Amino acid sequence: MTASPQLAPRAAWRPSGRGPRRLPTRRALAPYVFIAPFIAIFALFSVYPLVFALRLSFTDWRGAGSASWVGWDNYTYLLTSPAFWASLGNSGILWLLILPAQLVIGVVAAVLLNNAKLRLRGFYRTAFIVPFVTPLVAIAQVWVVVFDQNFGPVNGLLNLVGIPDVGWLVTSEWSKVTLALLFLWKTTGFAIIIVLSGLQAIDDTVYEAASLDGASRARQLWSITVPLLRRTLLFLVVLQTLAVFQMFAEPVVVTNGGPYGSTTTAGVYLYNHISRADLGTGAANSFLLVIAVMVLSLVFVRVLRPKD
Amino acid sequence: MHQHRPRQVPTAARVSAVGLAVAVSLGLTACGPSIGGGEESSTDVLVAPTETSGEITIWSRSGDLYEVFEGVIDKFNEKYPDITVDHQAVDIGAKLQNTLITATDVPDGVFLDDQLVPGYADYLWDLSDVLAPYTVDIAQQKLDVNTVDGAIYGVPWDLNPGLLFYNATALEAAGIDAESIETYDDLLTAAEEYKAFRPDAGPIHLEQSAFLGQLQLEMYASQLGTSIADENGELRLDSPEYEQILGFLDSVQKGGLGTRAEYLGPTDIAALESGQQVFYPWSIWFDFAPQQLLTETQGDWRATSLPAWEAGGARSGAMGGASFILPKDGENADLAWLFYEFLAFDEEGYTAVYGPNDIYPDGLNTSIPSYGPAAQADKPLFGTVDALGGQDLWKTAVEAGEQIPGSVPTPSWWGGAVDYLGNNVQKMLDGTMTPDEVIDSSTTDIQTNLVDRQ
């Protein structure tokens with residue numbers, strides 16, 4: 001039986017017959033008083049910067065003096081700039097190099113780590129997360145040495161099997177691959193932890209039932225694990241898409257956006273405007289980037305959301 | 001049984017909350033930059049202080065130079081006992097712009113690369129008056145790079161003359177006398193001779209970093225008395241001087257006479273240590289390499305003046321350098337001026353920096369002072385350099401520094417030009433562009449994306 005919520009008559013909670021109008025007014029105001037601190041902080045640290053940046057995106061302001069209103073000029077400049085589209089393209093290619101590989105590695109590694117019979121499970125879990133907590137700048141220096149075209153051990157190993165030197169960091173063909181490898185190495189541990197948490201939320205009885213029905217391990221992975229991980233994978237894809245499109249520190253410390261802008265990601269391109277005090281163009285760029293990432297995220301939500 | 005439903009927030013309340021947030025935000029946004037003609041500028045001229053007491057906050061770049069400056073504070077306080085120096089090691093590139101824009105916790109003085117000074121001119125004191133007694137003795141190139149519309153915005157600090165570093169031992173073995181090289185044609189000839197002696201060599205350094213490659217290109221241009229833009233910010237890449245420089249670099253590359261590597265990266269160091277790369281036209285601060293990195297060839301290296309582009313031409317150009325700026329929003333910028341005056345123009349100050357000190361027992365030898373009385377060839381501040389075979393680098397550098405032609409302020413978009421000029425030079429060294437294409441393409445792109453958008 002469903003009961004309708006009963007509203008108590010106002011008189012029932014009046015403490016007395018005196019001041020019948022004041023108390024309801026105060027009660028009505030109370031929620032607003034309670035949320036006022038949040039509203040103030042939200043307005044100050046979220047809405048204000050957003051509105052400020054939006055206004056800035058229509059101006060030419062170098063940080064000093066007054067800003068000049070330039071209308072849509074910053075947006076039209078960016079949308080007709082080959083460099084802007086190239087930065088998005090670079091991020092897109094990096095996304096393609098990183099996300100599919102990371103999802104596959106993340107799921108496979110997490111399934112293996114989730115196996116209670118696996119020995120040294122704690123050690124492996126720690127080992128996978130170590131790169132994620134290692135300072136990027138230190139790793140970047142290692143990357144520069146390891147992938148050096150002439151003296152790096154990676155090319156040394158390739159030479160042993162007859163493959164000639166690869167310009168990992170100095171050719172636009174390979175620089176994105178090198179950067180993607182760094183990103184994968186550094187963040188896949190995080191992906192594994194996320195997937196692992198999703199796996200642990202799956203009820204064991206589902207697998208037991210499937211085993212009784214004769215489903216193989218591979219079949220269970222494909223027909224049970226992956227579908228039940230859709231929400232987790234969706235979360236991971238959206239999160240990593242944001243990370244790839246905002247990728248900044250990795251290209252700056254390893255290739256400085258080069259060679260020839262081939263690793264100038266959307267994040268680096270945006271930063272370049274800011275660092276050159278072209279704050280209006282930087283603000284416009286950030287809004288265009290937000291729109292691009294939002295559209296991508298909505299597509300992923302649509303494609304990956306669970307059917308139920 | 002009760003069924004909990006989400007409470008419906010009245011529409012009016014929602015509208016009120018959103019309205020409040022927007023109103024607060026818009027109100028706050030009004031605190032942002034005013035929108036107007038965008039042509040505000042002020043020319044506040046700093047006046048020397050009449051009282052010498054107070055506290056100053058000084059930002060220096062993290063690292064050895066910070067330590068060296070730190071060591072001078074005691075001496076400064078002997079002269080100005082009532083000025084307290086709060087000396088901070090700061091990532092200036094990351095912090096300065098935001099600090100100046102927000103005018104929050106603005107330091108009184110900042111150590112800054114010369115090329116960045118003009119870009120911050122709106123925030124800085126014009127130092128023309130306080131510098132007036134010294135300008136006649138300051139290297140012209142340093143004054144020029146700090147001058148915008150007749151106002152001087154930086155206290156000129158160090159001079160970074162370009163020098164030709166060479167591996168004397170390797171060249172002697174090939175029968176080449178590097179000291180006889182007087183022009184870049186001579187350098188090409190010497191490189192060919194060395195290549196004939198050692199076929200696996202790439203004798204001349206070709207920089208592979210787009211940024212440093214552009215900086216080196218500007219060193220060559222500085223020798224010819226030109227630069228990427230004139231004093232009005234107009235591009236002047238399309239000139240015989242740049243054609244000559246790019247033509248030289250192209251010849252080195254096409255003739256197999258260069259080692260293409262990033263400055264002191266693994267490839268570079270290996271080629272320097274193996275004797276494959278024996279000529280390094282670079283700023284004086286390359287001497288750090290033989291002193292600390294090139295353990296195999298330490299002592300084999302020497303430095304001489306750069307070759308001239310034409311016989312009798314200038315034998316050096318500027319590559320790098322820094323000055324001290326005094327932000328207008330600093331509380332005691334006038335007192336900070338006294339600190340920098342002591343460092344740059346007081347014998348006790350500059351001797352404490354360049355002479356033997358706790359950090360560098362033989363003195364700081366990666367640059368020379370830009371102030372004439374401090375930079376006299378026969379009065380060395382730092383000692384001979386063992387890693388350069390005991391060479392008197394001071395004398396070589398001071399004599400080279402005296403030949404650096406005057407210059408103009410670096411345009412604020414210089415760093416942005418690396419995306420075009422710096423990259424195009426690399427493409428030329430890859431063989432995918434000609435020198436003319438580098439000039440044409442860079443000129444068009446820099447004009448469109450940087451100059452026209454100032």
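A residue is called buried here if 20 or more other C-beta atoms lie within 10 Å of its own. With that in hand, here are my notes on this predicted model.

1. **The long helix H3 of chain A.** In H3(A), the buried residues are A:Phe84, A:Ser87, A:Asn90, A:Ser91, A:Leu94, A:Trp95, A:Ile98, A:Leu99, A:Gln102, A:Gly106, A:Val107 and A:Ala110. These buried positions pack against four helices of chain A: H2 (73-79), H7 (175-199), H10 (230-245) and H12 (266-275). You may like to look at A:Trp95 in particular, as it is one of the buried residues and H3(A) bends by about 25 degrees there.

2. **The length of H3(A).** How far apart are the end C-alpha atoms of helix H3 (residues 82-113) of chain A? They are 45 Å apart, and this agrees with the 46 Å that 32 residues should span at 1.5 Å a residue.

3. **A partner helix, H10 of chain A.** H10(A) is one of the helices that the buried residues of H3(A) pack against. Its own buried residues are A:Thr232, A:Leu233, A:Leu236, A:Val237, A:Gln240, A:Val244 and A:Phe245. The cover over them includes H3, H7, H12 and helix H13 (279-304) of chain A. For the 16 residues of H10(A), the expected span at 1.5 Å a residue is 22 Å, and the end C-alpha atoms are indeed 22 Å apart.

4. **Chain A as a whole.** Chain A has 13 helices and 2 strands. Its radius of gyration is 27 Å, whereas the globule rule gives 19 Å for 308 residues, so chain A is more spread out than a compact globule. The C-alpha trace of chain A spans about 95 × 75 × 30 Å along its principal axes. Buried residues account for 30% of the 308 residues in this chain. Of the contacts in chain A between residues at least 6 apart in sequence, 68% join residues at least 24 apart.

5. **The loop between H11 and H12 of chain A.** Two backbone features deserve a look in the loop between helix H11 (249-254) and H12 of chain A, where A:Pro259 is placed. The peptide bond that joins A:Gly258 and A:Pro259 is cis, with omega about -5 degrees. A:Tyr260 lies in this loop too, and has a positive phi of about 55 degrees although it is not a glycine. Is A:Tyr260 buried or exposed? A:Tyr260 is buried, because 20 other C-beta atoms lie within 10 Å. As background, most residues other than glycine have a negative phi, and most peptide bonds are trans.

6. **A positive phi in chain B.** B:Ala103, a residue other than glycine, has a positive phi near 55 degrees. Its place is in the loop between helix H4 (92-102) and strand E3 (109-113) of chain B. With 13 other C-beta atoms within 10 Å, B:Ala103 is partly exposed.

7. **Chain B as a whole.** Chain B has 17 helices and 14 strands. The C-alpha trace of chain B spans about 95 × 60 × 55 Å along its principal axes. Buried residues make up 51% of its 454 residues. Among contacts in chain B with a separation of 6 or more, 78% are between residues 24 or more positions apart.

8. **Two domains in chain B.** Domain 1 of chain B covers 54-160 + 320-375, and domain 2 covers 162-318 + 399-451. Their C-alpha centres lie 29 Å apart. The contact between them takes 20 residues from domain 1 and 18 residues from domain 2. On the domain 1 side, helix H6 (140-145) and strand E4 (147-148) of chain B are the elements that give two or more residues. H6(B) supplies the largest share of that side, 4 residues. By type, the residues of the domain 1 side divide into 7 nonpolar, 11 polar and 2 charged.

9. **B:Lys328 and its surroundings.** Where does B:Lys328 lie? B:Lys328 is in the loop between strand E13 (322-325) and helix H13 (333-345) of chain B. This lysine is partly exposed, with 17 other C-beta atoms within 10 Å. Setting aside neighbours within four places in sequence, B:Lys328 is in contact with B:Asp44, B:Tyr123, B:Leu124 and B:Trp125. The C-alpha atoms of B:Lys328 and B:Asp126 are separated by 9.1 Å, although these residues are 202 residues apart along the chain.

Conventions:
Residues are numbered from 1 along each chain as its sequence is written. Chains are lettered from A and ligands numbered from 1 in the order in which they are written. This is a predicted model: local features need pLDDT of at least 70, side-chain atom pairs count only at pLDDT 80 or more; totals for chains, interfaces and linings use all residues. The radius of gyration is taken over C-alpha atoms; the globule rule is 2.2 Å times the number of residues to the power 0.38. A residue is buried if 20 or more other C-beta atoms lie within 10 Å of its own, exposed if 12 or fewer, and partly exposed in between; C-beta atoms are placed from the backbone. Two residues are in contact if their C-beta atoms, placed from the backbone, lie within 7 Å. Domain bounds come from an automatic or database domain assignment. Ala, Val, Leu, Ile, Met, Phe, Trp, Tyr, Cys and Pro count as nonpolar, Asp, Glu, Lys and Arg as charged, and the others, Gly among them, as polar. The expected span of a helix is 1.5 Å times one less than its number of residues. The bend at a residue is the angle between axes fitted to the seven residues ending there and the seven starting there.
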